[in-house]
Amino acid sequence: MELQILKWVDATFHSVDWLNQIMKYITYLGEFGAAAIITAVVLLAVKSTRKAGVAAAIALVLNVLIVNVILKTAVNRARPWTEFSELQTFYESCGVRLPTDSSFPSGHTAACVCIAVVLVIRFKLKGLPALVAALLVAVSRIYLCVHYPSDVLGGLFIGSACGVAGHFLGRLVCDKWEKYKAGKSSSESN
């Protein structure tokens with residue numbers, strides 16, 4: 001069924017070069033988790049957003065451990081082009097970089113979603129553009145046929161869970177740090 005979806009995507013959309021190029025550049029937002037890492041670093045660097053940065057950093061670490069260290073290794077699912085060799089022509093014409101790791105779950109999706117979830121929890125409506133961008137990355141992974149739909153759904157689920165966990169763990173870490181600093185400054189003043 002999933003392969004049929006990808007074959008339909010290929011037959012329906014891959015002849016539209018401008019859309020191929022847009023999707024290729026959207027997918028780059030998730031490349032190596034760069035946008036997610038940059039977002040976390042910027043949040044950490046600005047004092048007013050530092051707590052969100054701690055949450056984002058924790059979410060990313062959890063995400064990398066679950067997606068890249070545990071699941072991709074354990075599941076070791078082959079990429080779609082191993083079953084659908086006709087995609088090679090599309091990849092060559094579009095210039096899509098082919099990942100070498102396993103397919104499940106989508107790391108691009110999980111990384112973008114985990115950061116977006118932290119931003120939505122922390123900043124409410126101001127975080128929605130990040131969520132829209134993350135969902136576009138998820139769609140681009142299916143559009144480019146570098147993941148099966150279930151890989152992307154897995155990335156959405158894991159990214160969301162890591163974002164929520166990062167939020168709560170980040171709050172816990174920041175609260176502990178503030179209590180530590182408050183106790184330290186009161187003992188110094190005595």
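Guide: Buried means under 20% relative accessible area, exposed means over 50%, and partly exposed lies in between. The model before us is predicted, and these terms will serve throughout our reading of it.

Visitor: How, then, should K72 be classed, as buried or exposed?

Guide: K72 counts as buried, because its relative accessibility is 6% and the limit for that class is under 20%.

Visitor: With which residue does K72 form a salt bridge?

Guide: The partner is D101, and the closest N and O atoms of the two are 3.4 Å apart. This pair links distant parts of the chain: K72 belongs to helix α4, D101 to the loop between α5 and α6 (107-123), and 29 residues separate them. D101 itself is partly exposed, with a relative accessible area of 32%.

Visitor: Before going further, I should like the overall layout. How many helices and strands does the protein chain have?

Guide: The chain comes to 8 helices and 0 strands. Its pattern along the sequence is therefore written α-α-α-α-α-α-α-α. The C-alpha trace spans about 75 × 35 × 25 Å along its principal axes. Of the 190 residues in the chain, 43% are buried.

Visitor: How many salt bridges does a search of the whole structure find?

Guide: The search finds 6. One of them joins E2 to R77, with the closest N and O atoms 2.9 Å apart. E2 lies in helix α1 (residues 2-13) and R77 in the loop between α4 and α5 (87-94), so the bridge ties together parts that are 75 residues apart in sequence. R77 is partly exposed, at 24% relative accessibility. In addition, E2, R77 and D151 are linked in a network of salt bridges.

Visitor: Which residue forms a salt bridge with K51?

Guide: That residue is E178, and here the closest N and O atoms are 2.8 Å apart. K51 lies in helix α4 and E178 in helix α8 (residues 149-189), so the pair ties together parts that are 127 residues apart in sequence. Both residues are partly exposed: K51 has a relative accessible area of 38%, and E178 has 36%.

Visitor: Helix α4 has now appeared twice. Where do N63 and A74 stand in this helix with regard to burial?

Guide: Helix α4 covers residues 50-75, A74 among them. N63 also has its place in helix α4. N63 is buried, with a relative accessible area of 2%, whereas A74 is exposed at 61%. C-alpha separations may be read alongside these values. N63 and C162 are 99 residues apart along the chain, yet their C-alpha atoms are separated by 5.8 Å. A74 and L19 are 55 residues apart along the chain, and their C-alpha atoms are separated by 34 Å.

Visitor: Which residues make the nonpolar surface patch?

Guide: V61, V64, L65, I66, V69 and I70 make a patch of about 490 Å². I70 lies in helix α4 and counts as partly exposed, at 48% relative accessibility.

Visitor: How does one look for empty space inside a model?

Guide: Rolling a probe the size of a water molecule over the atoms shows where empty space is left. In this structure the count comes to 1 cavity of 30 Å³ or more. The largest cavity holds about 70 Å³ of space. Residues lining this cavity include K24, Y28, E31, R97, H108 and R141. The lining divides into 5 nonpolar, 3 polar and 4 charged residues.

Visitor: What should one look for in the backbone?

Guide: Most residues other than glycine have a negative phi, and most peptide bonds are trans. N76 has a positive phi of about 50° although it is not a glycine. This residue is found in the loop between α4 and α5, and N76 counts as exposed at 57% relative accessibility. C145, likewise not a glycine, has a positive phi of about 60°. C145 lies in the loop between α7 (128-143) and α8 and is buried, with a relative accessible area of 0%.

Visitor: Is the peptide bond from F104 to P105 cis or trans?

Guide: This bond is cis, with omega near -10°. P105 has its place in the loop between α5 and α6; D101, the partner of K72 with which we began, is in that loop too.

Key: Residues numbered from 1 in each chain as written. Predicted model: local features only at pLDDT ≥ 70, side-chain atom pairs only at ≥ 80, totals over all residues. Heavy atoms only, no water. 1 Å grid on protein atoms, 1.4 Å probe; cavity = no way out; pocket = protein on both sides within 12 Å on 5 of 7 lines; lining within 4 Å. Points joined across faces, edges and corners; volume = space filled by probe spheres on them. Nonpolar A, V, L, I, M, F, W, Y, C, P; charged D, E, K, R; others polar. Helix = DSSP H or I, 4+ residues; strand = E, 2+ residues; numbered from the N terminus. Buried < 20%, exposed > 50% of the residue type's maximum accessible area, 1.4 Å probe, protein only. Patch = residues over 30% accessible without salt bridge, like charges linked within 9 Å, V, L, I, M, F, W, Y side chains within 5 Å. Areas by Shrake-Rupley, 256 points an atom, 1.4 Å probe, with all protein chains shown as cover. Salt bridge = Lys/Arg side-chain N within 4 Å of Asp/Glu carboxyl O.
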